[in-house]
Amino acid sequence: MKVATAEDTIWAQTICDEMESSAKSRGTGIAKRSPEYIKLKMLEGKAVVALSKDGEWAGFCYIETWGHGEYVANSGLIVSPKFRKGGLAKKIKLEVFALSRRKYPAAKIFGLTTGLAVMKINSDLGYRPVTYSELTNDEEFWKGCRSCVNFEILTLKERKNCLCTAMLYDPAQDRERKFNTLLSDTEDSSSDL
């Protein structure tokens with residue numbers, strides 16, 4: 001697993017095809033991406049790709065910034081059917097989360113998903129379910145939902161909710177949690193004195 005580079009752009013069409021196929025088989029919506037878009041993410045250093053020891057494509061995820069870098073979305077998580085059920089999705093998600101934190105340390109990281117497994121991974125990383133109003137209001141982000149089969153629901157609900165669960169990691173809240181845990185640990189140990 002690595003941050004994708006120009007040499008990985010050969011997998012862009014395969015990745016797009018698998019994203020669409022996977023969404024159809026699950027009966028869920030997905031914001032469709034073009035191979036050119038996937039290539040761009042790779043060339044920008046904003047994608048993670050997993051390859052097998054034999055050099056076969058195994059998985060992918062990318063990041064995108066919104067609201068002038070205030071928000072980062074981890075999107076397009078996909079694992080080749082051949083490599084599913086082995087924990088690869090979690091490894092990719094951890095790697096793309098770390099990449100997001102390195103590139104945009106103060107940004108709020110979010111995702112929209114209908115997948116229970118992704119919700120669990122996000123929760124383990126410190127994301128929490130939120131209302132759509134806590135996500136970016138950047139119109140370009142919401143335009144990406146137009147290709148989703150559930151876009152009409154999103155529109156009818158005035159972008160307040162949809163079938164996807166919105167999840168958000170806020171680094172400010174994470175620092176606060178760590179501080180409170182540290183403070184609590186300090187208080188507990190001082191009672192032993």
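Does His 68 count as buried or exposed, and at what relative accessibility? At 89% relative accessibility, His 68 counts as exposed. Here buried means under 20% relative accessible area, exposed over 50%, and partly exposed in between, with a 1.4 Å probe and protein chains only.

This is a predicted model, in which local features need pLDDT of at least 70, side-chain atom pairs count only at pLDDT 80 or more, and totals for chains, interfaces and linings use all residues. Residues are numbered from 1 along each chain as its sequence is written, and side-chain values use heavy atoms, leaving out hydrogens and water.

**The sheet**

Seven strands make an open sheet with mixed pairing. Their order is β1-β2-β3-β4-β5-β7-β6. β1 (2–3) and β6 (128–130) stand at the edges with a single partner strand each, so one side of each lacks a neighbour in the sheet. Helices (H or I, at least four residues) and strands (E, at least two) are DSSP runs, numbered from the N terminus. Two strands pair if DSSP finds at least two bridges between them.

β2 (residues 47–51) pairs with β3 (residues 57–66) in the antiparallel sense over five bridges. Leu 51 stands opposite Trp 57, and Ala 47 opposite Tyr 62. Tyr 62 also has a bridge partner in β4, Ser 75. β3 and β4 are antiparallel too, over seven bridges. Nine of the ten residues of β3 are buried, so the rest of the structure largely encloses this strand.

**Positive phi**

Most residues other than glycine have a negative phi. These residues have a positive one:

| Residue | Place | Phi |
|---|---|---|
| Gly 55 | hairpin of β2 and β3 | near 85° |
| Gly 67 | turn between β3 and β4 | about 60° |
| His 68 | loop between β3 and β4 | near 55° |
| Lys 85 | loop between β4 and α3 | about 75° |

The β2 and β3 hairpin has five residues between its strands; the β3 and β4 hairpin has four. Lys 85 is exposed, with a relative accessible area of 88%.

**Helices on the sheet**

Contact means heavy atoms within 4.5 Å. Axes are lines fitted to C-alpha atoms, for helices over the stretch in contact, and angles run from 0 to 180 degrees between N-to-C directions. Helix α3 (residues 88–103) lies across β1, β2, β3, β4 (71–79), β5 (108–113) and β7 (165–169). It runs at about 155° to β4. Helix α4 (residues 116–125) lies across β4, β5 and β7, at about 20° to β7.

The buried residues of α3 are Leu 88, Ile 92, Lys 93, Val 96, Phe 97, Leu 99 and Ser 100. They cover an arc of only 165° around the axis, which puts them on the same side of α3. That arc is taken from the directions from the helix axis to the C-beta atoms. Lys 91 and Arg 102 are exposed on the face turned away from the buried side.

**Two cores**

A nonpolar core is a set of buried Ala, Val, Leu, Ile, Met, Phe, Trp, Tyr and Cys residues joined through side-chain atoms within 4.5 Å. The largest has 19 residues. Leu 88, Ile 92, Phe 97, Ile 109 and Tyr 127 touch the most other members. β2, β3, β4, α3, α4 and β7 each give two or more residues to this core. The largest share, five residues, comes from α3. Leaving out residues up to four places away in sequence, Phe 97 touches Asn 74, Ile 109, Leu 125, Tyr 127 and Tyr 169. A second, separate core of 14 residues includes Ile 15, Met 42, Val 49 and Phe 60.
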